[in-house]
Amino acid sequence: MVSISSSVRKWGEARLSARSRSAAAGAIALVLSAMLVGTAMSAPTHAAERAAHATRTLDGADNATLHLVRPGERLLEEGAVTGALPGRMRAELNIGPIYYKGRFTIDTRNGSISGNGTATPHGAGRYQSFAGWLNITSGSGSYAHVHGRDTLYGVFDRRTYAVTIKTTGSLSY
Amino acid sequence: MRTCQILTALLALLACLSTTARADPSIRLRATFTPEHLGRAATVDLDIKVVAPGALPPPLAEVSLRYPAGLGVALSGVGIDTCPAQTLESSAGPKACPADSLMGTGNALTALQVGPQILHEKTTVTVVRAPERNGHLAMFFYAAGDDPVIARTLFIGELLPAHRPFGGRIRITIPPITALPGQYIGIQRLHLVLAPPWFTYYERIRGKTIAYHPKGIPLPTSCPHGGFPFSATAVFLNGLEAKTGTRVPCPMGAGRRE
């Protein structure tokens with residue numbers, strides 16, 4: 001438990017430091033803009049900032065194939081993500097008989113995306129299918145303002161604890 | 001004369017109350033983990049006793065067993081296949097079920113009144129994974145006894161949510177078991193061993209069938225203050241209810257949480 005918590009803290013720290021870097025870069029850019037344009041033009045920088053953060057939408061599906069990294073009450077899993085947001089996913093899963101819950105971070109080339117999800121398992125057998133929702137709550141880099149809610153479904157292998165997760169929907173960033 | 005009548009009525013009422021109190025059954029629960037290593041897979045042993053002093057226990061209608069939060073019931077390696085009720089009800093019983101559907105074993109002590117005599121029977125219990133029921137993980141409890149009465153009974157258990165400090169509950173519905181018309185068999189003791197280490201499962205790897213022992217039920221990585229809580233509620237066919245609880249002490253040197 002302790003090791004899992006510390007691991008999660010590490011992710012959080014990594015995300016914060018990425019955000020800090022992003023914020024610092026943003027601040028430098030603003031200062032440079034102010035120097036170039038002049039003090040009289042400082043008021044419209046808000047509009048420029050809004051324009052810089054113009055919302056973009058990404059539609060599509062992703063497929064994550066995760067394997068167990070550390071067992072425990074919450075399984076720590078990681079693996080590759082393919083599809084609209086290719087990268088690498090790390091997830092902390094709470095696999096119960098009634099609900100599956102989890103938190104995840106996807107590291108992509110342009111930044112990271114974090115969130116949580118809840119799913120309901122169905123059927124019996126070695127390969128337990130599940131379906132539910134995914135909330136995208138935070139991000140870094142290009143996805144610093146990311147948010148969205150997608151559907152998720154997948155399969156959990158009760159023998160190896162490997163998980164395949166498919167997500168569909170759109171996210172704004 | 002009137003005082004005498006009141007006294008008689010009071011005595012009758014007291015006699016009535018004491019009879020009722022004596023007849024009310026109670027239950028006892030014992031739970032153990034083997035081995036007791038936090039974060040590791042274990043066998044869960046549950047023992048429920050129905051205590052009805054001086055009388056035959058009333059027949060059980062339902063037993064709810066609550067288990068502690070963090071117990072990895074869904075992460076155990078047992079019950080990765082299912083066995084339908086029709087297979088269990090065949091003459092071969094649980095032997096006809098897929099090996100990978102076995103979840104546990106145990107026994108039950110039952111009692112039956114025949115004339116003035118109370119007959120006891122020890123039955124074996126086999127727990128197998130059942131097809132999903134009402135969207136919940138389900139299991140069958142197959143009880144078989146041969147002496148003095150040949151009896152085969154199937155109970156259904158469902159995994160349902162439970163409030164903290166419990167992680168969930170197994171609700172076992174027990175149908176009325178009769179040996180003779182109107183004569184119910186009472187359960188005095190139910191002993192269950194879930195995810196024992198001696199089960200052998202099979203899997204196909206590159207065309208070969210490999211035997212292996214499935215993982216037990218993973219224990220939480222830390223122990224709650226006061227130990228792991230379990231509780232049992234028994235509902236009898238006559239409407240009476242009995243509750244009890246127990247705790248599995250934290251293993252020596254285990255990390256505790258409040």
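Modeller: Before reading any lining, please note that Ala, Val, Leu, Ile, Met, Phe, Trp, Tyr, Cys and Pro count as nonpolar, Asp, Glu, Lys and Arg as charged, and the others, Gly among them, as polar. The model before you is a predicted one.

Colleague: With those classes in mind, what is the make-up of the lining of the second largest cavity?

Modeller: That lining has 14 nonpolar residues, one polar residue and no charged residues. The space it encloses is about 160 Å³.

Colleague: Which residues lie nearest the centre of the second largest cavity?

Modeller: Of the 15 lining residues, Val73(B), Met139(B), Ile170(B), Leu194(B) and Ile217(B) lie nearest the centre. Two elements of chain B, strand S2 (41–51) and strand S3 (60–68), each give two or more residues to this lining.

Colleague: How many cavities of 30 Å³ or more does the structure hold, and what is the volume of the largest?

Modeller: There are nine such cavities, and the largest has a volume of about 200 Å³. Its lining consists of 18 residues, with Leu93(A), Gly102(A), Gly117(A), Leu152(A) and Ile165(A) nearest the centre.

Colleague: Which elements supply the lining of the largest cavity, and how is that lining divided by class?

Modeller: At least two residues each come from strands of chain A, namely S3 (87–95), S4 (100–108), S5 (111–122), S6 (127–139) and S8 (163–172). The largest share, five residues, is that of S4(A). By class, the lining of the largest cavity has 12 nonpolar, four polar and two charged residues.

Colleague: Strand S4 of chain A also holds Lys101(A). Is Lys101(A) buried, exposed or partly exposed?

Modeller: One compares the relative accessible area with two cut-offs: under 20% is buried and over 50% is exposed, with partly exposed in between. Lys101(A) has 46% relative accessibility and therefore counts as partly exposed. From Lys101(A) to Asp150(A) the separation is 49 residues in sequence, while their C-alpha atoms are 15 Å apart in space.

Colleague: How should one read a charged residue in the other chain, such as Glu121(B), which is placed in strand S5 (residues 117–133) of chain B? Where is the nearest side chain of opposite charge?

Modeller: A salt bridge requires a side-chain nitrogen of Lys or Arg within 4 Å of a carboxyl oxygen of Asp or Glu. Glu121(B) is buried and has no salt bridge, the nearest side chain of opposite charge being that of Arg152(B), 6.6 Å away.

Colleague: Which backbone nitrogens does the side chain of Glu121(B) approach?

Modeller: A polar atom of the Glu121(B) side chain lies 3.2 Å from the backbone nitrogen of Asp146(B). The side chain of Glu121(B) also reaches the backbone nitrogen of Asp147(B), at 3.5 Å.

Technical notes
Residues are numbered from 1 along each chain as its sequence is written. Chains are lettered from A and ligands numbered from 1 in the order in which they are written. This is a predicted model: local features need pLDDT of at least 70, side-chain atom pairs count only at pLDDT 80 or more; totals for chains, interfaces and linings use all residues. Side-chain values use heavy atoms; hydrogens and water are left out. On a 1 Å grid over the protein atoms alone, a cavity is a set of points where a 1.4 Å probe fits but cannot get out, and a pocket is an open set with protein on both sides within 12 Å along at least five of seven lines; lining residues have an atom within 4 Å of a point. Grid points are joined across faces, edges and corners, and a volume is the space filled by probe spheres set on the points. Helices (H or I, at least four residues) and strands (E, at least two) are DSSP runs, numbered from the N terminus. Buried means under 20% relative accessible area, exposed over 50%, partly exposed in between (1.4 Å probe, protein chains only). Lys and Arg count as positive and Asp and Glu as negative; His and the chain ends are not counted. A polar contact is a pair of N or O atoms within 3.5 Å; within protein, one must be able to donate a hydrogen and the other to accept it, and residues adjacent in sequence count only if both atoms are side-chain atoms.
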